[in-house]
4 protein chains.
Amino acid sequence: MAAAKAENLTLVVHGPGDLRLENYPIPEPGPNEVLLKMHSVGICGSDVHYWQHGRIGDFIVKKPMVLGHEASGTVVKVGSLVKHLKSGDRVAIEPGALREMDEFCKIGRYNLSPSIFFCATPPDDGNLCQFYKHNADFCYKLPDNVTYEEGALIEPLSVGIHACRRAGITLGNKVLVCGAGPIGLVTLIVAKAMGAGQVLVTDLSASRLSKAKEVGADIILQISKESPKEIASKVEDMLGCKPEATIECTGVESAIQSGIYATRAGGTLVLVGLGSEMTTVPLTHASTREVDIKGVFRYCNTWPMAISMLASKAVNVKPLVTHRFPLEKALEAFETARKGTGLKVMLKCDPNDQNP
Amino acid sequence: MAAAKAENLTLVVHGPGDLRLENYPIPEPGPNEVLLKMHSVGICGSDVHYWQHGRIGDFIVKKPMVLGHEASGTVVKVGSLVKHLKSGDRVAIEPGALREMDEFCKIGRYNLSPSIFFCATPPDDGNLCQFYKHNADFCYKLPDNVTYEEGALIEPLSVGIHACRRAGITLGNKVLVCGAGPIGLVTLIVAKAMGAGQVLVTDLSASRLSKAKEVGADIILQISKESPKEIASKVEDMLGCKPEATIECTGVESAIQSGIYATRAGGTLVLVGLGSEMTTVPLTHASTREVDIKGVFRYCNTWPMAISMLASKAVNVKPLVTHRFPLEKALEAFETARKGTGLKVMLKCDPNDQNP
Amino acid sequence: MAAAKAENLTLVVHGPGDLRLENYPIPEPGPNEVLLKMHSVGICGSDVHYWQHGRIGDFIVKKPMVLGHEASGTVVKVGSLVKHLKSGDRVAIEPGALREMDEFCKIGRYNLSPSIFFCATPPDDGNLCQFYKHNADFCYKLPDNVTYEEGALIEPLSVGIHACRRAGITLGNKVLVCGAGPIGLVTLIVAKAMGAGQVLVTDLSASRLSKAKEVGADIILQISKESPKEIASKVEDMLGCKPEATIECTGVESAIQSGIYATRAGGTLVLVGLGSEMTTVPLTHASTREVDIKGVFRYCNTWPMAISMLASKAVNVKPLVTHRFPLEKALEAFETARKGTGLKVMLKCDPNDQNP
Amino acid sequence: MAAAKAENLTLVVHGPGDLRLENYPIPEPGPNEVLLKMHSVGICGSDVHYWQHGRIGDFIVKKPMVLGHEASGTVVKVGSLVKHLKSGDRVAIEPGALREMDEFCKIGRYNLSPSIFFCATPPDDGNLCQFYKHNADFCYKLPDNVTYEEGALIEPLSVGIHACRRAGITLGNKVLVCGAGPIGLVTLIVAKAMGAGQVLVTDLSASRLSKAKEVGADIILQISKESPKEIASKVEDMLGCKPEATIECTGVESAIQSGIYATRAGGTLVLVGLGSEMTTVPLTHASTREVDIKGVFRYCNTWPMAISMLASKAVNVKPLVTHRFPLEKALEAFETARKGTGLKVMLKCDPNDQNP
Ligand SMILES: NC(=O)c1ccc[n+]([C@@H]2O[C@H](COP(=O)([O-])OP(=O)(O)OC[C@H]3O[C@@H](n4cnc5c(N)ncnc54)[C@H](O)[C@@H]3O)[C@@H](O)[C@H]2O)c1
Ligand SMILES: NC(=O)c1ccc[n+]([C@@H]2O[C@H](COP(=O)([O-])OP(=O)(O)OC[C@H]3O[C@@H](n4cnc5c(N)ncnc54)[C@H](O)[C@@H]3O)[C@@H](O)[C@H]2O)c1
Ligand SMILES: NC(=O)c1ccc[n+]([C@@H]2O[C@H](COP(=O)([O-])OP(=O)(O)OC[C@H]3O[C@@H](n4cnc5c(N)ncnc54)[C@H](O)[C@@H]3O)[C@@H](O)[C@H]2O)c1
Ligand SMILES: NC(=O)c1ccc[n+]([C@@H]2O[C@H](COP(=O)([O-])OP(=O)(O)OC[C@H]3O[C@@H](n4cnc5c(N)ncnc54)[C@H](O)[C@@H]3O)[C@@H](O)[C@H]2O)c1
Ligand SMILES: [Zn+2]
Ligand SMILES: [Zn+2]
Ligand SMILES: [Zn+2]
Ligand SMILES: [Zn+2]
C-alpha cells in the first residue's frame with residue numbers, strides 16, 4: 001500500500017476543529033472490492049459535526065478519519081471475484097457495507113448489523129478523496145441518464161425513502177414533514193413520489209420553506225412560538241384532517257411532541273431527526289390512539305429503487321445542490337456547509353470533470 | 001313511493017338484448033340513505049355484457065335491472081340519521097354498500113362480504129337514472145376541484161388502486177400490465193402514481209397501446225402470435241430485468257401464463273381480468289420462485305384516497321373519457337361502448353348540466 | 001319499556017366512592033339487538049377506578065353509569081333483523097360496538113372509531129346486571145365446551161391478543177412482558193400460544209410472579225430498585241439475548257424505559273399499560289435501533305379467534321379467576337378487587353346458575 | 001487436501017439407480033468455513049428421487065454427487081475468520097448457503113438467490129458422510145437440550161415454518177393441510193405451534209393419517225374418489241367453516257384444486273407440494289374471492305426460530321423418526337425410505353455415537 005508519489009488528495013478530520021487536506025496512497029482493492037476514481041461527494045450535517053466536535057454521541061474520532069459518505073465515482077480497478085462491475089462503470093456508493101452475514105443481514109435489515117462498515121463513522125474512513133476502494137456489492141451502476149451528483153444524492157435520498165417506507169406512505173395520504181433541511185426535503189420528494197396527496201412541511205426558516213415549496217410541498221407552515229398542541233391543530237386545519245403519517249426530521253423535542261398530537265389515530269410517526277438522549281413525550285396520547293412511533297437508522301435496500309426512480313425521472317433531486325467546490329477547496333466548502341445558508345454542498349473530486 | 005308523474009328516466013335491462021329507457025318513480029331515501037340527482041355515469045364492460053347476454057357467470061338478470069355503477073351526482077335529500085352529507089353536496093358513489101357487519105367488514109375487507117349490495121349486479125339496481133338513493137356511508141363528498149366525471153371514474157380507478165395495492169407496487173418498481181382496456185389503463189396510471197419506475201403495457205391493439213402511451217406507459221408491447229415464454233422474455237429484454245409485479249387485466253389464459261413466466265422471483269402476479277372457469281398455468285414455475293398470485297375482487301377503502309389523489313392532481317383520468325351522450329341517448333351510447341372503438345363512454349343524466 | 005316490577009338487579013356507580021345495587025327495568029332490544037340474561041361478569045381495574053375516582057382521564061362519570069364489560073350471557077330475546085343468533089344461545093359480549101360505519105371501521109380498525117359504544121365507559125352503560133341488551137353483531141355464540149366464565153374472560157384475553165398481534169410475536173420469539181397483573185398474564189398466555197420460545201415476565205410482587213409461572217412464564221424477574229438499564233441487562237442475561245418484543249403492561253415510566261433498553265434492534269415495544277400524560281423516554285435509543293413503539297387501544301377482531309382458541313384448548317385462562325361472588329354481593333366483590341390480593345374477581349349474575 | 005488414508009465414508013449417487021458408499025478425503029475448511037464430524041442425517045424424498053431417477057426437473061446429476069441435506073454434527077475444525085463457533089460445538093446445518101450478496105439476500109429472501117449453494121442439489125455435494133465442511137454462517141449451535149436428530153429435523157421443519165409463515169397462520173385459525181407425508185406433518189406441527197385452532201389433515205393413506213393424529217391433527221380426512229369440490233365441502237362441514245389457510249403438501253393437481261375450493265374468501269393457499277409443469281386450476285374462483293396463492297421454495301431465516309422452539313419444547317418432532325441405520329447400511333436405509341412404509345429414516349454417521 002506504499003505508492004509514495006501516488007496522487008490521492010483526501011480530506012481528513014484529526015479532531016475537533018482540525019480538518020486537513022492530505023495526500024493518501026491509492027488503495028488496492030481486495031478480491032471483492034472495486035477501486036473508484038471519485039467524482040462527486042456531498043457534505044452531510046454529520047461531516048460538519050465530526051469536524052466541529054470530533055464526535056457524534058458515542059462515535060468518537062480517536063484517530064484521523066477521512067470524511068464523506070454521499071458519493072459517486074467511476075470504477076478503475078476490479079477485485080478478482082467481482083462479476084457485476086467493470087472498469088469504466090459509473091457507480092453510486094452505498095456507504096454502509098456488511099462485514100458479516102449476521103441475523104440482521106439474513107432478514108433483510110442489514111442497516112442494523114452492529115459490525116457494519118460505514119463511511120466516515122469512526123473508526124471507518126469515508127470517501128472524500130480522489131481514489132477510494134469499496135465493497136463491490138455496495139456499488140451500483142448508474143445508467144447514462146443519471147448524473148454523478150444525482151448518484152451522490154442517493155445517499156440522503158435513501159434516508160427519505162426508508163423513512164417514507166417505514167411510514168407506510170400510500171396513495172392520497174396526507175403527510176406532515178417536520179423540518180425542511182436536506183433530510184426533510186428528500187422525505188417530501190419521496191412522499192410525493194409514493195403518491196401522497198398533500199404534504200405539509202414545517203420549519204423555522206422561511207427560506208428553507210420556500211425551497212420546500214420549490215421541490216413540491218403542497219403546504220408550508222413556518223413555526224415560531226406555537227405550542228406543540230397549537231401546531232397540531234394548525235396542521236389539521238390546513239390539511240382538512242389529521243395526517244396519516246408524520247415524518248419528523250428535526251430531532252427537536254417540541255417537534256416530536258407536535259408530531260404525536262398531529263398524527264391521525266392509527267397512523268405513524270417516523271423519527272428521522274436525532275435528538276437528545278432522553279425525550280419527554282405524550283406517549284399515552286400516542287398509544288391509546290395507536291399512533292405507531294418508528295425510528296429510522298440510515299436505510300437498506302434503497303439504491304436500486306432510487307436509481308430506478310432517478311432514471312425514470314420520477315423524482316428530481318437536482319434542486320437540492322446549492323453549492324459546488326473542487327476538492328482542493330474542501331475547507332471553504334465545509335465553511336459554507338457549516339454556515340447553513342444553502343442546502344447541499346457538493347465537492348468535485350475529479351479535477352478533469354467538474355460537471356454535475 | 002308512488003309519485004306517478006315524477007320524472008326519473010332510467011335505463012333498464014330486461015333480458016339479453018333487451019335494453020329500455022323507462023320512467024321510474026323517484027325513490028325515498030331511508031334513514032341512513034341520501035337521494036341523489038345523478039350527473040355522470042360511465043358505461044362499464046359489465047353493463048354491456050348484461051345487456052348482450054343477460055348474465056355474467058352465476059349472476060343472472062331474472063327481473064328488470066337498472067344498469068350503471070360508475071357514478072356521481074348531487075345530494076337532494078338526506079335520511080334522518082345522515083350526518084356527514086347535506087343537500088347540495090356533490091358526491092361520488094361507491095356502488096358496493098354493506099348490508100351487514102359481518103366478519104369481512106370487521107377486518108376491513110368488506111368487498112368480500114357475501115351479502116353486499118352492488119349496483120347493477122343482479123338482483124341489485126344500478127344508478128343509470130336521474131334520481132337514485134344510496135347508503136350514505138358509501139357516498140363521498142367531492143371537493144370543488146374534482147369534476148363529476150372524475151367522480152364517476154373513481155369506480156374503475158378503484159379497481160386499479162386495489163390491484164396496485166395488492167401488487168405491493170412501490171418506488172422504482174418495474175411493472176408489467178397486460179391489457180390496455182379501461183382497467184389496464186387505470187392500473188397503469190395508479191402504478192405510476194405509486195412511484196413505479198417503468199411500466200410496460202401490452203395489448204393486441206395498436207390504438208389502445210397508443211392511448212396507454214398517452215396516459216403514461218413507459219414502454220408498450222403489441223402482442224400478436226408470441227408464446228407466453230416469448231412474451232416474458234421480450235418483457236425482460238425491454239425492461240432490462242423481470243418486473244417485480246405483473247397486473248393481468250385481460251382474463252386471457254395465455255396472458256396469465258406469460259404473467260407467471262415474466263414476473264421476478266419473489267414478486268407478485270395480480271389477476272384482475274376474469275377468464276374462464278378452469279385455467280391451465282405453470283403453477284410450479286410460480287411457486288418455486290415464490291411469485292405470489294393474488295386476485296382482485298372489486299375494491300375496498302379506495303374512494304377517500306382516490307378523491308385525495310384527484311384533488312391534488314396526482315393522477316389524471318380525464319383522457320379516459322372518449323365519448324359523451326345525454327341519458328336520453330343511452331341506447332346509442334351503449335352501441336358505441338359495445339363497438340369498443342373508444343374507451344370510456346359517459347352518460348350525462350342531468351339535462352340542465354351536461355358538463356364534465 | 002316500563003316493566004315496573006321487572007327484576008333486573010344492576011350495579012351502578014353514581015360518583016367517586018358511590019356504588020349502588022339498584023333495580024333497573026329490563027330493556028327492550030332494538031331491531032339489530034339481542035336481550036341477554038347475564039351470567040358471568042369479571043371486574044376490571046377500570047371498573048374499580050371509576051368507583052374509586054369517578055373518572056379515568058377525560059372519561060368522567062357525569063350521570064349514574066352501570067359498570068362491567070367483561071361479560072357473557074344467554075340470548076333471551078332477538079331483534080327483528082338479527083339472523084345469526086336465537087333464543088337460548090350462549091354468547092360472549094364484545095363491549096365495544098360500532099355506532100357508525102366510519103373510516104376506521106371500513107379499514108378494519110374499528111376500535112379506533114371515535115363514536116364507538118363501549119360498556120362502562122362514560123356515558124355508556126356496562127353489563128353488570130341481570131338483563132342487558134347489546135348490538136347483536138358484537139355478540140358471539142360460545143361452543144358448548146367453552147364456559148361462561150371463559151366467555152367473560154375473552155375481554156381481557158382480547159387485550160393480550162391485540163397486544164401480541166401488534167408485537168408481531170412469532171415462532172421461537174423471546175418476549176419480555178412487564179407486569180403480571182391480569183393483562184400481563186393474558187399477554188403471556190397469548191404469546192406462548194403464538195409460539196413464543198421464551199417469555200420473561202417481570203413484576204414487583206412475588207405472588208403475582210408465581211401466578212405467572214403457573215400460567216406459563218418461562219422466566220420470572222422480580223423488580224425492586226434496579227435502574228431501567230440494569231433491568232434490560234438482566235433480561236438479556238436471563239434470555240441469552242435481547243427479546244424481539246417487549247409488551248409493557250404496567251404503565252410505569254421506568255418500566256417503559258427498561259422496555260426500550262431491553263428490546264432487540266429491529267424489534268417492537270408494545271405499550272398496553274396506561275401511564276401519565278407525559279413520559280420521559282430514551283427515544284433516540286429506540287429510533288436509531290429501529291425499535292418500533294406501538295400502542296394498544298383495546299382490541300378489534302379478537303372474539304372469533306379467542307373462541308376458536310378456547311374451544312381447541314390452545315389456551316387456558318381458567319386459573320385467572322381467583323374469586324367468585326353472586327351479583328347481590330357485588331360491593332363485597334369490588335372491595336376484594338380493590339385490595340388486589342387475587343387476580344380476576346367474577347360476578348355471577350344468574351341466581352339459578354352460579355357455575356363457571 | 002490429500003489425506004490418503006483419511007476415513008470419510010460418503011454416500012454418492014453416480015446416476016439413476018447407482019448409489020455407492022465410497023471413501024472421500026476429509027475436506028479442509030476455508031477461512032469462513034467449519035469442518036464438521038457428521039452425526040445424524042435424515043433421508044429426504046429428493047435424495048431417493050436423485051437415486052432413482054438421476055434428476056429432479058432441470059436439476060440433473062451429471063457427475064457423482066454426495067447425497068444428504070437434513071443434517072447435524074460437531075465442529076472439529078474452524079476457519080480462520082469464523083468467530084461464532086468453536087471446536088466441539090454441536091450444530092445444525094442449513095443446507096442452503098449464500099455464495100453472493102445479491103438482491104435477494106439484501107432483502108432477506110436469500111432462498112431465492114439463484115447462485116445459492118444447496119447440499120445434494122446438482123452440482124453441489126450433500127453431507128451424507130462422516131466429515132463435511134460448510135459455510136460457518138449457515139451452521140447453528142444447538143443447545144444441550146436439543147438432540148442431534150432434532151437438529152437434523154430442523155431442515156424439514158423449516159419447510160413447515162416457511163409454509164405456515166407464508167400462510168400467515170395466526171391464533172385460532174382453521175387450517176387445511178393436504179398430505180400427511182413428512183412435509184405435511186411438520187406443517188401441521190408448526191401450524192399448531194403458531195396457535196392454529198383446528199388443523200384438518202388429508203391423505204390417501206390411513207396409516208399416515210393416524211400418524212397425523214398422533215402428532216396433533218385435530219381432524220383427519222381420508223381421501224378416496226371424491227371430486228375436489230366434494231372434498232372442499234367435506235372440509236367445510238368438518239371444520240364448521242372454510243379454513244382461513246390451506247397448505248398443499250402433495251403436489252397433486254386435484255389436491256390443489258380442492259385447496260382453492262376449500263379456502264375461505266380472503267384466505268391463503270400455500271403450495272409446498274411440487275407437481276407437474278402445467279396445472280389446471282379454478283383460478284377465477286380463487287381470484288374473485290381473493291384467495292392468495294403463494295408458493296414455497298425451501299425456506300430462509302428458520303434455523304434460529306426452530307432451535308428456539310425445540311429448546312423450549314414448543315414443538316416435538318421426535319415422533320417423525322421411524323427408522324435408524326448406521327451410515328454403513330445406507331443402501332438398506334435408502335431401500336426402506338423408498339418403500340415409504342415409515343416416515344423419516346435417519347442415518348447415523350458417527351460410529352462412536354449412534355444415539356438420537
Ligand atoms: N436517522 C437517520 O438515519 C438520519 C440520517 C440523516 C440525518 N438524520 C437526522 O435528521 C435530522 C435532519 O437532518 P438535516 O441534514 O436535514 O438537518 P438540518 O439541520 O439541515 O435541518 C433541520 C431543519 O429543522 C428545522 N427545525 C428546527 N426546529 C424546528 C421545529 N421546531 N419545527 C420545524 N422545523 C424545525 C431547522 O430550521 C432546519 O431547517 C438531523 O437531526 C439529523 O441528525 C438522521
Ligand atoms: N376483478 C375485478 O374486480 C374486475 C373489475 C373490473 C374489470 N375486471 C376485468 O378486467 C378485465 C379488463 O377490463 P376492461 O374493461 O379493461 O376490458 P377490455 O376488454 O376493454 O380490455 C381488455 C384488453 O385486453 C386486450 N387483450 C386481449 N388479449 C390480450 C393478450 N393476450 N395480451 C394483451 N392484451 C390482450 C384487449 O385487446 C383489450 O384491449 C376484464 O376481464 C374484466 O372482466 C375485473
Ligand atoms: N391499552 C388498553 O387497551 C388497556 C386495556 C386494559 C388495561 N390496560 C392497562 O394495562 C395495565 C395493566 O392492567 P392490569 O389490569 O394488569 O393492572 P394491575 O395493576 O393489576 O397490574 C399491573 C402490575 O404491574 C406491576 N408493576 C408495577 N410496577 C412495575 C414495574 N416497574 N415493573 C414490573 N411490574 C410492575 C404491579 O405490581 C402489577 O402487578 C394498566 O395500566 C391498565 O390501565 C390497558
Ligand atoms: N417447496 C419446497 O421447498 C418443498 C420442500 C420439500 C418438499 N416439497 C414437496 O412437498 C411434497 C410433500 O413432500 P413429502 O416428503 O411429505 O412427500 P410424501 O410423498 O412423503 O407425502 C405426500 C403425501 O401426500 C399424500 N397424497 C397423495 N395424493 C393425495 C391427495 N389427493 N390428497 C391428499 N393426500 C394425498 C400421499 O399419500 C403422501 O402421504 C412433495 O411434493 C415434495 O416435492 C417441497
Ligand atoms: Zn449523511
Ligand atoms: Zn365496472
Ligand atoms: Zn377492562
Ligand atoms: Zn428435503
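Here is a chat between a visitor and a guide about a predicted model, with its ligands, zinc ions and a few buried residues.

Visitor: Let's start with ligand 1. How many residues surround ligand 1, and which are the closest?
Guide: Look at chain A for this one. The shell holds 19 residues. The closest are A:Ile183, A:Asp203, A:Arg208, A:Val296 and A:Arg298.

Visitor: How do those shell residues divide into nonpolar, polar and charged?
Guide: Arg and Asp count as charged, while Ile and Val count as nonpolar. Sorting the shell around ligand 1 that way gives 11 nonpolar, 5 polar and 3 charged.

Visitor: Which residue has a polar backbone atom 2.7 Å from a nitrogen atom of ligand 1?
Guide: A few polar pairs are worth a look here. The side chain of A:Arg208 has an N or O atom 2.8 Å from an oxygen atom of ligand 1, and a backbone N or O atom of A:Val272 is 3.1 Å from a nitrogen atom of the ligand. The backbone atom you're asking about, 2.7 Å from a ligand nitrogen, belongs to A:Val296.

Visitor: What share of ligand 1 does the protein bury?
Guide: Picture the ligand on its own to begin with: it would expose 870 Å². Of that area, the protein buries 75%.

Visitor: Which elements of chain A each supply at least two residues of the shell around ligand 1?
Guide: Here we want a helix and a strand. The helix covers 182-193 and the strand covers 198-203. Their labels are H4 and E14.

Visitor: Now over to chain B. Which residues are closest to ligand 2?
Guide: Ligand 2 is surrounded by 19 residues, which split into 11 nonpolar, 5 polar and 3 charged. The closest are B:Ile183, B:Asp203, B:Arg208, B:Val296 and B:Arg298.

Visitor: Which residue has a backbone N or O atom 2.7 Å from an oxygen atom of ligand 2?
Guide: Let's go through some backbone partners. B:Pro182 has a backbone N or O atom 3.2 Å from a ligand oxygen, and a polar backbone atom of B:Leu274 is 3.1 Å from an oxygen atom of ligand 2. The one at 2.7 Å is B:Arg298.

Visitor: And what area does ligand 2 expose when taken alone?
Guide: The protein buries 75% of it. The full area, with ligand 2 taken alone, is 860 Å².

Visitor: Let's turn to the zinc ions. Which two residues coordinate the zinc ion that is ligand 5?
Guide: One donor atom is an SG and the other an NE2, at 2.2 to 2.4 Å. The residues that carry them are A:Cys44 and A:His69.

Visitor: In chain B, is B:His69 buried or exposed?
Guide: B:His69 (NE2) and B:Cys44 (SG) are the protein donors of the zinc ion that is ligand 6. Buried means under 20% relative accessible area. B:His69 has 4% relative accessibility, so B:His69 counts as buried.

Visitor: How far apart in sequence are the parts tied together by the zinc pair in chain C?
Guide: The zinc ion that is ligand 7 has C:Cys44 (SG) and C:His69 (NE2) as its protein donors. C:Cys44 lies in the loop between strand E3 and helix H1, and C:His69 in the loop between strand E6 and strand E7, so the pair ties together parts of the chain. Those parts are 25 residues apart.

Visitor: Which residue has a backbone nitrogen 2.8 Å from a polar atom of the side chain of B:Asn8?
Guide: B:Asn8 is in the segment before strand E1 of chain B, and is buried with a relative accessible area of 2%. The backbone oxygen of B:Pro25 lies 3.2 Å from a polar atom of the B:Asn8 side chain. The backbone nitrogen at 2.8 Å is from B:Phe131.

Visitor: Last one! Which strand of chain A do the buried residues of H9(B) pack against?
Guide: Helix H9 of chain B spans residues 303-311, and 7 of its 9 residues are buried, among them B:Trp303, B:Met305 and B:Leu310. Within chain B, the buried residues pack against strands E8 and E12 and helices H3 and H4. From chain A, the partner is strand E13.

Definitions and conventions. Residues are numbered from 1 along each chain as its sequence is written. Chains are lettered from A and ligands numbered from 1 in the order in which they are written. This is a predicted model: local features need pLDDT of at least 70, side-chain atom pairs count only at pLDDT 80 or more; totals for chains, interfaces and linings use all residues. Side-chain values use heavy atoms; hydrogens and water are left out. A residue is near a molecule or strand if one of its heavy atoms lies within 4 Å of it. A polar contact is a pair of N or O atoms within 3.5 Å; within protein, one must be able to donate a hydrogen and the other to accept it, and residues adjacent in sequence count only if both atoms are side-chain atoms. Accessible areas come from the Shrake-Rupley method with a 1.4 Å probe; for residues, only the protein chains shown count as cover. Helices (H or I, at least four residues) and strands (E, at least two) are DSSP runs, numbered from the N terminus. Buried means under 20% relative accessible area, exposed over 50%, partly exposed in between (1.4 Å probe, protein chains only). Donors are N, O and S atoms within 2.8 Å of the metal (3.2 Å for Na, K and Ca); water is not among the atoms, so sites may look incomplete. Contact means heavy atoms within 4.5 Å.
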